[in-house]
Amino acid sequence: LRFSYPSTKLLFLLLQLLYLSFTLWRHALSDPTFLLMETANSFGILALINASFFLLPITKHSPITLALNIPYEEGAILHALFGKSVIWESTLHGILHFIRYTIEAGKEGYYDGSAFRLLFPSLTCFVHSDADSGLTGIGTSCYSLIRNFTGLLATVASVVLLITSRDHTRASNYKLFYMCHVIFAPLAAITVFWHWDRSFFYVLPGIALYVFGVAAVRFGGGEDGCLILKVTKLGERGHYMLVFSLTPSSSLSSHFREGQWVRLKIRSVDKFIFHPFTVFDFDRDGNTMSILLSTQNNKNDRHGTTT
């Protein structure tokens, strides 16, 4: 299979529009408030589906990227696209429900007050979910208020992820980017599961695949590789030249030339992912290859990049 990022992105966006179009068509003749509620819920369901079947499968430890022949660099771009879609759709889910609360305020049987009050339950609600919330009207039970509050927490965590995942932040401070992913991604997931308990079953396939990928990386067996013969530092800016041996039967000797690039897997960095490196020299008689690499943010980034 040959992977194409533009066509994959286009197909993904068309699927999003198709799902939302069916939702609008299905409830086109409904009451405007009901249509608003169903549209909001559709954004929420779409975010869960994207997280399970698109975002989590396209990660650095996922075997899906190998099966679909997705290069790591373009896989990272896809992961960012899927992540942004999940964040924006879940945020729209909350915004549309907030608008609905504002519209319904003052109607007969509904809470007559600011919609912001519906986002913050009292402490007694966390102790007893069936306790009196102190508010009256439809949608003012402790269960409803806790659901709104956990949705707000998930949105805040997602926005932090979105801000710290910008290209500039990732390039200038990779440690901040990585730590925010480690902290706020699980926080967002936990609050979403608390927000709606059925959401776990939507995301379960993606979680299972991610856990399988991580387990394969951490506990997978070894394999034969190339012997590094020499490492030479070039200058003072973190540039290096690596010389390593090739087996005489290697197909590299007939396909690669100086100035091209080759994908190599460095098991000390990642057991699944191949990274591109520039071919500096190729000694066919001695069965050796020299590559150039540089380090980015020497203290924070262990991945070599092409030079």
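**A buried threonine and a negative patch**

In this predicted model, Thr33 has its place in helix α2, which covers residues 32-55. Its relative accessible area is 13%, and buried means under 20%, so Thr33 counts as buried. Leaving aside residues up to four places away in sequence, Thr33 touches Arg100, Ile103, Glu104 and Lys107. The reader can look for these four partners by starting from Thr33 in helix α2.

The wider chain gives this residue its setting. The protein chain holds nine helices and six strands. Of its 307 residues, 36% are buried, and Thr33 is one of the buried residues. Among contacts in the protein chain with a separation of 6 or more, 59% join residues 24 or more positions apart.

Attention now turns to the surface. The protein chain exposes about 18,300 Å², and 65% of that area is supplied by carbon and sulfur atoms. Charge also appears on the outside: Glu258, Asp281, Asp283 and Asp285 form a negative surface patch. Within this patch, Glu258 lies in the loop between β2 (239-245) and β3 (261-264). The relative accessible area of Glu258 is 39%. Buried means under 20% and exposed means over 50%, with partly exposed in between, so Glu258 is partly exposed. Taken together, Thr33 is a buried residue of helix α2, whereas Glu258 is a partly exposed loop residue that belongs to the negative patch.

Methods: Residues numbered from 1 in each chain as written. Predicted model: local features only at pLDDT ≥ 70, side-chain atom pairs only at ≥ 80, totals over all residues. Heavy atoms only, no water. Helix = DSSP H or I, 4+ residues; strand = E, 2+ residues; numbered from the N terminus. Buried < 20%, exposed > 50% of the residue type's maximum accessible area, 1.4 Å probe, protein only. Contact = heavy atoms within 4.5 Å. Areas by Shrake-Rupley, 256 points an atom, 1.4 Å probe, with all protein chains shown as cover. Patch = residues over 30% accessible without salt bridge, like charges linked within 9 Å, V, L, I, M, F, W, Y side chains within 5 Å. Salt bridge = Lys/Arg side-chain N within 4 Å of Asp/Glu carboxyl O. Lys, Arg positive; Asp, Glu negative; His and termini not counted. Charge placed at Lys NZ, Arg CZ, Asp CG, Glu CD.
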